[in-house]
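Please consider the following model, which is described here from its overall composition down to individual residues. The account proceeds through two sheets, a metal site and a loop.

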Amino acid sequence: MDNNTKKKKILIVEDEKNIAQMLAFNMTAAGYDYDIAYDGELGLDKALNIDFDLILLDIMLPKMDGFEVCRRIRAKKSTPIIIVTAREEEIDKILGLDLGADDYVTKPFSIKVLLARVKSNIRRAAGELVLDQSGMSSEQPGQSQTIKIRDLVIDCARYQVTIRGEAILLTKKEYELLLHLAKNPGKVFSREELLEEVWGYEGFYGDLNTVDVTVSRLRSKLEADSSKPEYLFTKRTMGYYIK
Ligand code: CA
């Protein structure tokens, strides 16, 4: 380490060597350290045993696919995961499964967009670590309170959510999205607004599907029956809201 700020470390799980090398090159150029795993099993092993600041995860991988790798990492660790998908069907599958990934990009991707996502996800995860330790966020002075909507209770100080008396485990993004909606019950937020206010992406870097993915996951954890939501509603063509 040649300066005081420790370099952020990124795990690249990608079996295509030229893509992995290209990613590694660009991560280095952007000031990150990296490690590469060329198959799913090795990727999982590294992700669980080494602390990375972010994981770039391919889906089609030898030995264990990215879906399984993501699920197994998420069962144990909250390291931000960006899934790198090659096909539209994979996005549909990501939407349908509760993988716990924080974000995704589709191949072919622009390095500029990918780096913006990497930066944004690392920053977000780091910010929330501060929130974890102090129980308060300086950005949001109203954090140390409890929000109650019928059987949904959000304990902002403890960063804890219970539904129908049972605690549920949310990823950082799911929690932030829920909090954002629950602070303004009844207010409809467009996907663009949510992307900007919850994800903080700069303008066109954002992908609106990311919002849908997270809403879908949040709903599956929150609702007794996701097809008949009682808390997290969709306003046709407008956006999402909590009531
Ligand atoms: Ca692959």
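Of the 243 residues in the protein, 48% are buried, where buried means under 20% relative accessible area, exposed means over 50%, and partly exposed lies in between (1.4 Å probe, protein chains only). The model is a predicted one, in which local features need pLDDT of at least 70 and side-chain atom pairs count only at pLDDT 80 or more, whereas totals for chains, interfaces and linings use all residues. Residues are numbered from 1 along each chain as its sequence is written, and side-chain values use heavy atoms, with hydrogens and water left out.

The protein contains 8 helices and 11 strands; these are DSSP runs numbered from the N terminus, with helices (H or I) of at least four residues and strands (E) of at least two. Its accessible surface is about 12,300 Å², and carbon and sulfur atoms contribute 51% of that area; the areas come from the Shrake-Rupley method with a 1.4 Å probe, and for residues only the protein chains shown count as cover. Among contacts with a separation of 6 or more, 58% are between residues 24 or more positions apart, a contact being heavy atoms within 4.5 Å.

The parallel sheet offers a starting point. Five strands form an open sheet with parallel pairing, in the order β2-β1-β3-β4-β5; two strands pair if DSSP finds at least two bridges between them. At the edges stand β2 (33-37) and β5 (103-106), each of which pairs on one side only. Neighbouring strands of this sheet are turned against each other by 20 degrees on average, direction ignored. Such angles run from 0 to 180 degrees between N-to-C directions, and the axes are lines fitted to C-alpha atoms, for helices over the stretch in contact. Within the sheet, β1 and β2 are joined in the parallel sense over 5 bridges, and I10 stands opposite Y34 in β2. Helix α2 (residues 40-49) packs on the sheet and touches β1, β2 and β3, its direction making about 140 degrees with that of β2.

Helix α1 has 13 residues and reaches 18 Å from its first C-alpha to its last, close to the 18 Å expected at 1.5 Å a residue; the expected span is 1.5 Å times one less than the number of residues. The buried residues in α1 are I19, A20, L23, A24, N26 and M27. Just after the helix, G31 adopts a positive phi of about 95 degrees.

Which residues coordinate the calcium ion? The donors are D15 (OD), D58 (OD) and M60 (O), at 2.1 to 2.3 Å. Donors are N, O and S atoms within 2.8 Å of the metal (3.2 Å for Na, K and Ca), and water is not among the atoms, so sites may look incomplete. The spacing of the donor residues in sequence is D-x42-D-x1-M. The pair of D15 and D58 links distant parts of the chain, 43 residues apart: D15 lies in the loop between β1 (9-13) and α1 (17-29), and D58 lies in strand β3 (residues 54-58). D15 counts as partly exposed because its relative accessibility is 28%, whereas D58, at 4%, is buried.

The second sheet is antiparallel. It is an open sheet of 4 strands in the order β6-β7-β8-β9. Its edge strands, β6 (146-149) and β9 (166-168), each have a single partner strand, so one side of each is left without a neighbour in the sheet. The twist from one strand to the next averages 20 degrees.

Following this sheet from strand to strand, β6 and β7 run antiparallel and are joined by 4 bridges, with I147 opposite I154 in β7. Their hairpin has 2 residues between the strands, and R150 takes a positive phi near 50 degrees there. Between β7 and β8 there are likewise 4 bridges in the antiparallel sense, and D155 stands opposite Q160 in β8. The hairpin of β7 and β8 has 4 residues between the strands, and Y159 in its turn has a positive phi of about 65 degrees. Strand β8 (residues 160-163) pairs with β9 over 3 bridges, where V161 has I168 as its bridge partner. Helix α6 (residues 172-182) lies across β6, β7 (152-155) and β8, at about 110 degrees to β7.

A final stop is G200, found in the loop between α7 (191-199) and α8 (208-222). Its C-alpha lies 7.5 Å from that of S120, although the two residues are 80 apart in sequence.
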